Amino acid sequence: MLFSSIPFLYTFLPCVLILYFLVPGWLKNTVLLLSSLFFYAWGEPRFVVFMVIAIVQGYVFGLLAEKFRDRPKQAKLCLWASAVVSLELLGYCKYADFFISGFNTLTGLSLPLLHVALPIGISFYTFQILSYVIDVYRGDVTAQRNLIDLAAYVAMFPQLIAGPIVRYADIAPQLKHRTHTLADAAYGARRFILGLSKKVLLANVLYELISAYKSAANVSVLFVWLYAAAYVLHLYFDFSGYSDMAIGLGKIMGFRFPENFNYPYLSRSVTEFWRRWHMTLGTWFRDYVYIPLGGNRVSFGRWIFNIAVVWFLTGLWHGAAWNFVLWGLLFAVLLVLEKLFLKKWLDKLPRILNHALVMLVIIISFVLFNASSLAEAGTDIAGMFGGTGVPLVTAETLYYLRSYAVVFLLGIIGCTPLPATLVKRFAAGKKTARVYRVLEVAALVVLLLVCTAFLVDGSFNPFLYFRF
């Protein structure tokens, strides 16, 4: 079930919220858990089994790791046992065919692929369970003794399928006690509708152009660039829109989820980009992989190794294919180069040139990210620079440019703080504050109705992060 769907918006969500606010406080986590399991089982009920196994083992091994804290060997055994179970579930569902294909290529054998369907959100909830058990083992948090509370944290439907990756340490107090106010509910509803609008009115529309490029018999250099730009914008509005919706839903229910994006396309370096993009994933790898490996407080060679491991895993986390692995390693190389000398060189350039070079790298990297194979990635990237012999421009390309010009313009502006800045100034004005309150409600209602109309009309409604 997608957040951007009629069943979710007008059946599931209203019923859940009504029930959630009707029951007493001690039952709210139970309602949240049951509704989350229903939400998760909507597409494929059997996948709930994987989630239940993951939750139960995390619960048991978390308690054992805390019990044996004064016996380091036993505690570490519990930690590793939980990690093995979590990663085996993830590996079987997501990476089995990838590893079998690789083994067949290396050995010349033809072992049959398993063709296991990928449970939605398994990468996200696996990381949440891993961080929970690790934090208990380290003594950073107390093990959760209420299975329902822990299960509600892991299965929580607002952030289940696309994050942000919420750590138990950040949400543990809220599982026990959280306040619900009209102000929080209003903020949450506003954030949800804005995220829905980003998803439906921008990301989905841009994906229509991406699909047109993928199915085109003849392309041009300009068409490849239109596709690349559309994908970069689509990915941002698709993912950040879902993060906005998750944060908004959490706020309505009394939870404070961490922010996941901070205008990443304003970045002037790759390092800055990854501090602004999918921030909860970056901090997770930093705290649970990079720092435990030694971070940068090691020899130069070991530091290179640590960076390579983190970004190999980051790429592999995004997908079981070599283009994702290469995408991750590409950023490892760029980050190392920036640390050594490239960042100083970039800082000396004019701001606009600096930003243009960084965005060029980001665009090329996401063309690689979206390719179905390394060969397709090579063709697309070569086509961006006229390396495939295609014409510079065609009549079809100009048609698409005219058709999507407004969407591109809105998308580019929407990637900046400009809209939020203008709204804040208007809301803070002595003469405009009252008008703003009326206009805000009207604008949100209009946006919701327009999104509904798009969805009822059957507009294209894909969601990239289902595969993670």
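User: Where is Tyr263 found?
Analyst: Tyr263 sits in the loop between helix 9 (221-252) and helix 10 (270-276). Helices here are DSSP runs of H or I with at least four residues, strands are runs of E with at least two, and both are numbered from the N terminus.

User: Anything I should know about the model and the numbering?
Analyst: This is a predicted model, where local features need pLDDT of at least 70, side-chain atom pairs count only at pLDDT 80 or more, and totals for chains, interfaces and linings use all residues. Residues are numbered from 1 along each chain as its sequence is written, and side-chain values use heavy atoms, with hydrogens and water left out.

User: Back to Tyr263, what is its phi near?
Analyst: Phi of Tyr263 is near 45 degrees, a positive value in a residue other than glycine. Most residues other than glycine have a negative phi.

User: And is Tyr263 buried or exposed, or partly exposed?
Analyst: Tyr263 is partly exposed, at a relative accessible area of 24%. Buried means under 20% relative accessible area, exposed means over 50%, and partly exposed is in between, using a 1.4 Å probe and protein chains only.

User: What about the phi of His278?
Analyst: His278 isn't a glycine either, yet its phi is positive, about 45 degrees. His278 is in the loop between helix 10 and helix 11 (279-290). With a relative accessible area of 0%, His278 is buried.

User: OK, big picture. How many helices and strands does the protein chain have?
Analyst: There are 18 helices and 0 strands in the protein chain. Its radius of gyration is 23 Å, close to the 23 Å that the globule rule gives for 468 residues, so the protein chain is as compact as a globular protein of that length. That radius is taken over C-alpha atoms, and the rule is 2.2 Å times the number of residues to the power 0.38.

User: What box do the C-alpha atoms fill?
Analyst: Roughly 65 × 65 × 50 Å, taken along the principal axes.

User: How much of the protein chain counts as buried?
Analyst: 51% of the 468 residues. The protein chain exposes about 21,800 Å², and carbon and sulfur atoms supply 70% of that area. Accessible areas come from the Shrake-Rupley method with a 1.4 Å probe, and for residues only the protein chains shown count as cover.

User: And which share of the contacts joins residues at least 24 apart?
Analyst: Among contacts between residues at least 6 apart in sequence, 75% join residues at least 24 apart. A contact means heavy atoms within 4.5 Å.

User: Give me an example. What does Phe408 touch?
Analyst: Leaving aside neighbours within four places in sequence, Phe408 is in contact with Leu206, Leu209, Leu226, Ala229, Ala230 and Leu233. Phe408 is in helix 16 (residues 395-414) and is buried, at 9% relative accessible area. Phe408 and Ala230 are 178 residues apart along the chain, with their C-alpha atoms separated by 7.5 Å.

User: Which helix has Phe98, and what does Phe98 touch?
Analyst: Phe98 lies in helix 4 (residues 72-107). Not counting residues up to four places away in sequence, Phe98 touches Leu316, Ala320, Ala321 and Trp322. Phe98 counts as buried, at 12% relative accessibility.

User: And Phe12, what is it in contact with?
Analyst: Outside its neighbours within four places in sequence, Phe12 has contacts including Met1, Ser35, Phe38 and Phe157. Phe12 belongs to helix 1 (residues 6-22) and counts as buried at 7% relative accessibility. From C-alpha to C-alpha, Phe12 and Met1 are 9.5 Å apart in space and 11 residues apart in sequence.

User: Switching topic. How many disulfides does a search find?
Analyst: A search of the whole structure finds 0 disulfides. A disulfide is counted when a pair of cysteine sulfur atoms is within 2.5 Å.

User: Why is there no bond for Cys451?
Analyst: Because the closest cysteine sulfur, in Cys415, is 17 Å from the sulfur of Cys451, too far for a bond. Cys451 is buried, with a relative accessible area of 0%. Cys78 is buried too, at 7%.

User: Last one: how far apart are the mean positions of the positive and negative charges?
Analyst: The mean positions of the 39 positive and 23 negative charges are 9 Å apart. Lys and Arg count as positive and Asp and Glu as negative, while His and the chain ends are not counted. Each charge is placed at NZ of Lys, CZ of Arg, CG of Asp or CD of Glu.
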